[in-house]
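Visitor: I have just opened this model and would like someone to walk me through it. Could we start with the spaces inside and then turn to the helices?

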Amino acid sequence: MPRTSQLIHPPTPPAPTRPAATVLLLRDAPDGFEVLMTRRSLTASFAPGAYVFPGGGIDAADAQAHHQATRRATQNDVRLTQAIAAIRESFEELGVLLAQRPDGAPATATDALALRRDAAFLPQAAERNLKLAAHDVFVLAHWVTDRDLPKRFDVPFLVARMPDGQTPVADEAEQFEPVWIRPRQALERHAAGDFLLIYPTIRTLDRLQHYADVQAVLTDCAHTDEPLWHSCPRAGWLKGQEARYMEHEPPFGELALVCPDGQIEHHLDWQSERPVPLLKNVQRLTAPNANLMTGPGTNSYLVGNAATGYIVIDPGPHDPTHIQRLFNATGGDIRLIVCTHSHADHSPGAKPLQALCNGQPPVLGLPSQPTARPNSAFTPDVTLQDQELLTLVEQAPEVEITHTLRVIHTPGHAANHLCLLLQEDGLLFSGDHILNGSTTVVDPPDGDMTDYLESLDKLDAACVAGDVQFILPAHGHVLGSARAVIAHLKGHRLAREAKVRAAMQAVPGGDLDDWVPLAYDDVPPAIWPLAKRSMLAHVERLRTLHPNG
């Protein structure tokens with residue numbers, strides 16, 4: 001993990017969370033299923049005027065009422081307590097009663113009207129021998145309020161089918177104007193500006209709109225009896241506006257690195273004019289070479305500070321403007337220039353940058369192999385050894401501060417590819433081996449799929465040994481959850497390889513043009529010419545692993 005001393009923003013611990021439960025009551029309708037939503041009071045302390053799903057805090061009494069509820073065999077005590085809280089809140093806020101009569105029949109509107117909404121719910125249900133229908137309440141999602149907000153909740157979003165014959169009536173205190181609405185319609189009205197929604201509600205409705213009916217939702221939730229997703233969003237600035245992201249979205253990891261306590265301070269816009277601080281000792285300057293292959297451009301990284309001088313990682317293409325900006329950002333005090341590999345968007349800027357600097361800092365890396373394309377020819381001043389250490393030292397008062405990069409040879413994308421691990425802060429500079437937003441091309445003969453997969457394993461081991469949480473790729477934002485990213489990437493590669501093998505077996509004696517529509521049927525045809533390059537790497541690996549087909 002990054003050292004606290006290197007964080008850009010001082011620690012500001014988020015507010016503690018309070019346990020709560022929310023329930024989405026669903027019903028089938030002619031044009032698709034609908035969800036029940038209500039408007040919060042305009043004077044509410046949290047999300048005033050927003051349309052929400054009913055819910056509220058979990059009371060201590062909810063955990064003591066398990067004997068009053070039905071439960072599924074897979075429904076643990078925590079989930080049961082949450083379901084009871086959701087059932088109680090549904091009744092208190094909307095008069096909807098999710099319960100069973102003593103004979104097992106569903107509770108009716110008459111049963112609901114017989115209970116007072118201004119009195120404690122659980123004792124009344126017990127007095128009438130009503131069993132709370134917790135077995136019909138399933139967990140859909142788990143949301144934790146964003147770290148930057150002063151009032152925070154830890155909330156399961158639960159789902160249940162609306163009881164037949166009952167009509168929701170708002171309590172006119174916390175909830176107003178109950179409305180049945182299709183998820184897509186709610187999103188469309190919100191976009192039009194007449195149906196205020198908060199972020200978790202928007203993202204939940206977005207997921208729900210893809211289900212055909214209520215049973216499809218309940219079946220999906222019942223599959224594991226665990227949330228389909230967990231999220232505590234993070235926010236930054238994009239195009240001058242606050243933007244929030246979930247864990248699976250590209251900017252999330254970068255926000256976690258730069259603003260770990262949820263501060264809304266980081267700007268996510270891609271630009272090439274000035275460096276972006278990620279830590280006090282790490283900056284990113286993106287080259288102005290955005291295209292299909294490079295995404296927003298090639299990321300050059302500056303490790304160090306004014307006291308130590310800088311190591312430049314991947315100076316990028318031979319672009320005089322970008323090279324000058326790297327020089328300016330370092331004050332010209334560049335100690336080392338390291339190239340992760342020799343492709344044309346990574347290493348050509350090395351020698352021109354070196355020429356600008358007093359003292360001619362050495363260019364480090366691995367020499368290109370005979371398999372490299374002509375425009376990737378590269379001979380470093382110093383050839384880096386696997387596990388070699390590159391260290392900057394800062395003499396601070398009473399302590400020596402170091403910034404140490406460990407070299408990790410990672411052939412696969414290119415034969416001379418390497419990654420760098422900033423040991424003190426647990427950061428992995430992944431070059432093109434791991435990208436954010438796409439998978440890297442493995443293009444034979446210089447690229448090799450077996451080498452690539454083995455290098456992923458090597459990086460995973462390095463992440464374990466170095467407590468690495470963040471990956472800084474050559475293209476795209478910082479990635480968080482480093483080991484999960486590597487595992488997902490390897491799983492994706494092996495799943496693609498299985499499709500390639502199936503295509504080869506389906507069309508024996510075929511060629512790449514025959515196989516690519518089958519193996520890459522989930523990719524737009526416009527991408528197939530590029531996909532064929534990695535497909536060839538899979539084919540060569542498969543023919544080695546399975547010489548008999």
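**Spaces and crossings**

Guide: Gladly! By class, the lining of the largest cavity has 3 nonpolar, 2 polar and 3 charged residues. Please keep in mind that this is a predicted model.

Visitor: Which residues line the largest cavity?

Guide: They are D269, W270, Q271, R274, V276, R284, L285 and T286. Strand 14 (residues 282–286) gives the largest share of that lining, 3 residues. The volume of the largest cavity is about 40 Å³.

Visitor: What makes a space a cavity and not a pocket?

Guide: A cavity is a set of points where a 1.4 Å probe fits but cannot get out, whereas a pocket is an open set. There are 2 cavities of 30 Å³ or more. The second largest cavity holds about 30 Å³ of space, and its lining is R72, Q75, R79, A83, V137, F138, V139, L158 and D225. Helix 2 (77–94) and strand 7 are the elements that give two or more residues to this lining.

Visitor: How much space lies in the second largest pocket?

Guide: About 740 Å³. Its lining has 35 residues, and the closest to the centre are R40, F46, F153, V155 and I198. Strand 1 gives the most to this lining, with 5 residues. By class, the lining of the second largest pocket has 20 nonpolar, 8 polar and 7 charged residues.

Visitor: Now the helices. Why is helix 5 called oblique to helix 6?

Guide: The axes of helix 5 (residues 183–192) and helix 6 (residues 199–208) cross at roughly 140° and come within 8 Å. Angles over 145 degrees count as roughly antiparallel and 65 to 115 as roughly perpendicular, so helix 5 is oblique to helix 6. Their crossing is left-handed. P183, A186, L187 and H190 of helix 5 make the contact with I202, L205, D206 and L208 of helix 6. That contact has 6 nonpolar, 1 polar and 1 charged residues.

Visitor: And what makes helix 13 roughly perpendicular to helix 14?

Guide: Here the axes of helix 13 (residues 512–519) and helix 14 (residues 528–545) cross at roughly 100° and come within 10 Å. Angles of 65 to 115 degrees count as roughly perpendicular, so that is the name for helix 13 against helix 14. L512, D513, W515, V516, P517 and A519 in helix 13 meet W528, A531, K532, M535, L536, V539 and R543 in helix 14. By class, this contact of helix 13 with helix 14 has 10 nonpolar, no polar and 3 charged residues.

Conventions. Residues are numbered from 1 along each chain as its sequence is written. This is a predicted model: local features need pLDDT of at least 70, side-chain atom pairs count only at pLDDT 80 or more; totals for chains, interfaces and linings use all residues. Side-chain values use heavy atoms; hydrogens and water are left out. Axes are lines fitted to C-alpha atoms, for helices over the stretch in contact, and angles run from 0 to 180 degrees between N-to-C directions. Helices (H or I, at least four residues) and strands (E, at least two) are DSSP runs, numbered from the N terminus. Angles under 35 degrees count as roughly parallel, over 145 as roughly antiparallel, 65 to 115 as roughly perpendicular and the rest as oblique. A crossing is left-handed if the near helix is turned anticlockwise from the far one by less than a right angle, and right-handed if clockwise. Contact means heavy atoms within 4.5 Å. Ala, Val, Leu, Ile, Met, Phe, Trp, Tyr, Cys and Pro count as nonpolar, Asp, Glu, Lys and Arg as charged, and the others, Gly among them, as polar. On a 1 Å grid over the protein atoms alone, a cavity is a set of points where a 1.4 Å probe fits but cannot get out, and a pocket is an open set with protein on both sides within 12 Å along at least five of seven lines; lining residues have an atom within 4 Å of a point. Grid points are joined across faces, edges and corners, and a volume is the space filled by probe spheres set on the points.
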